[in-house]
Amino acid sequence: MTSPLAVGDTAPDFTLKDQNGQDVTLSSFRGDKCVVVVFYPFAFSGICTGELCEIRDNLGAFVSDDVQVLGISTDHMFTQRAWADKEGYFFPLLSDFWPHGAVAQSFGVLHEGAGAAVRGTFLIDREGVIRWSLVNEIGQARDFTGYHEALRQLA
């Protein structure tokens, strides 16, 4: 794994398919919304389900007129769709399936041995600059408290 992107870095642009097969491009939010990019290792796994359920259950704290949340894993789009349908995730879950993990690698959070992203979270401002980040290993659940504080400071 390379070093994760840091606060002050410009987030690399990407276009990935969401769970419904629609293209989502990071730069399409520039000038309009901040974006929180949440990399997670595997759909249907325990820690990932808990983390995304926290986002789902507190969606107003993650998604608003000013902020969009984008979940990303190396799972296939159809896996993302089945998981979103099962758990009631109504925010974009993006597939970094092919080229496998290219977006996770560009953010410095691809664990090549596992073939999956570690738990990287990046708050990106309207200009595309990372303003807060947290990177945890695959087996270590993230704490979104710092995200909420960073979001308050951006507002």
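These questions and answers walk through a predicted model, from one helix to a central strand.

Visitor: What span does helix α1 reach from its first C-alpha to its last?
Guide: Helix α1 covers residues 46–57, which is 12 residues. At 1.5 Å a residue, the expected value is 16 Å. The helix comes close to that, reaching 16 Å.

Visitor: Which elements do the buried residues of α1 pack against?
Guide: The buried residues of α1 are C48, T49, E51, L52, C53 and I55. They pack against both helices and strands: α2 (59–62), α3 (77–87), β3 (34–39), β4 (67–73), β5 (93–95) and β8 (119–124).

Visitor: Is R119 buried or exposed?
Guide: R119 sits in strand β8. The cut-off for burial is under 20% relative accessible area. R119 has 2% relative accessibility, so it counts as buried.

Visitor: Which side chain makes a polar contact with the side chain of R119?
Guide: The R119 side chain has a polar atom 2.7 Å from a backbone oxygen, that of I138. That is a backbone partner. The side-chain partner, at 2.9 Å, belongs to α1 residue E51.

Visitor: How many of the residues of β4 are buried?
Guide: Both faces of β4 are covered. One side carries V67, V69, G71 and S73; the other carries Q68, L70 and I72. The strand is largely enclosed by the rest of the structure, because the buried count is 7 of the 7.

Visitor: Which residue in β5 is the bridge partner of G71?
Guide: β4 pairs with β3 in the parallel sense over 6 bridges, and F39 stands opposite I72 there. β4 also pairs with β5, again parallel, over 3 bridges. In β5, the partner of G71 is L93.

Terms used. Residues are numbered from 1 along each chain as its sequence is written. This is a predicted model: local features need pLDDT of at least 70, side-chain atom pairs count only at pLDDT 80 or more; totals for chains, interfaces and linings use all residues. Side-chain values use heavy atoms; hydrogens and water are left out. Helices (H or I, at least four residues) and strands (E, at least two) are DSSP runs, numbered from the N terminus. The expected span of a helix is 1.5 Å times one less than its number of residues. Buried means under 20% relative accessible area, exposed over 50%, partly exposed in between (1.4 Å probe, protein chains only). Contact means heavy atoms within 4.5 Å. A polar contact is a pair of N or O atoms within 3.5 Å; within protein, one must be able to donate a hydrogen and the other to accept it, and residues adjacent in sequence count only if both atoms are side-chain atoms. Two strands pair if DSSP finds at least two bridges between them.
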